[in-house]
Amino acid sequence: MEITVETTRLFIASGESSQVRAWCEKCGAQARMITVDQAATVAGMNRAAACGPSDAMKIHFVETCEGSVLVCLNSLLELI
């Protein structure tokens, strides 16, 4: 007996706050950046896990001048 499970996840970012584009050093390109809360929602994890060590998880992030952390959506989608 063989059981195959296929899943699909659709993430739609809308609103002014989700339209942030910034330079991602690790990607070497402009990328869409989302908040840590949005990243946690996309990845299906809690905020604390999303704030964990990004190098181990291969999630790229940038810190804004105001001290906020933004997550590279491209790296997050590659992870999941």
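In the predicted model, strands E3 and E4 form a hairpin in which five residues lie between the two strands, and within this turn Gly 67 adopts a positive phi of about 95°. The two strands of the hairpin pair in the antiparallel sense, and three bridges connect them. One of the residues that takes part is Val 62, whose bridge partner in E4 is Leu 70.

Strand E4 is also joined to strand E2, which spans residues 29–35, whereas E4 itself covers residues 69–72. These two strands run antiparallel and are linked by three bridges. Within this pairing, Thr 35 has Leu 70 of E4 as its bridge partner, and Met 33 is matched in E4 with Cys 72. Leu 70 is thus named as a bridge partner both for Val 62 and for Thr 35.

Taken as a whole, the sheet is open and consists of four strands in the order E1-E2-E4-E3, with antiparallel pairing. Strand E1 (20–24) and strand E3 (61–63) each have a single partner strand and therefore stand at the edges, so that one side of each is left without a neighbour in the sheet. From one strand to the next, the twist averages 45°. Helix H1, formed by residues 36–43, lies across E2 and E4, and its direction makes an angle of about 90° with E2.

A residue that can be followed in some detail is His 60, which is found in the loop between helix H3 (54–57) and strand E3. The relative accessible area of His 60 is 14%, and because a residue under 20% is classed as buried, His 60 falls into the buried class. When residues up to four places away in sequence are not counted, His 60 touches Cys 24, Lys 26, Cys 27, Leu 70, Val 71, Cys 72 and Ser 75. Among these contacts are Leu 70 and Cys 72, which also appear in the pairing of E2 with E4 as the bridge partners of Thr 35 and Met 33, respectively.

A contrasting case is provided by Met 1, which is located in the segment before E1. Its relative accessibility is 100%, and since a value over 50% is the criterion for an exposed residue, Met 1 counts as exposed. Together with Ile 3 and Val 5, Met 1 makes a nonpolar surface patch of about 480 Å². His 60 and Met 1 therefore illustrate the two opposite classes, the former being buried and the latter exposed.

Note on methods
Residues are numbered from 1 along each chain as its sequence is written. This is a predicted model: local features need pLDDT of at least 70, side-chain atom pairs count only at pLDDT 80 or more; totals for chains, interfaces and linings use all residues. Side-chain values use heavy atoms; hydrogens and water are left out. Two strands pair if DSSP finds at least two bridges between them. Axes are lines fitted to C-alpha atoms, for helices over the stretch in contact, and angles run from 0 to 180 degrees between N-to-C directions. Contact means heavy atoms within 4.5 Å. Buried means under 20% relative accessible area, exposed over 50%, partly exposed in between (1.4 Å probe, protein chains only). Patches are made of residues with over 30% relative accessible area and no salt bridge: like charges are joined within 9 Å, nonpolar side chains (Val, Leu, Ile, Met, Phe, Trp, Tyr) within 5 Å. Accessible areas come from the Shrake-Rupley method with a 1.4 Å probe; for residues, only the protein chains shown count as cover. A salt bridge is a side-chain nitrogen of Lys or Arg within 4 Å of a carboxyl oxygen of Asp or Glu.
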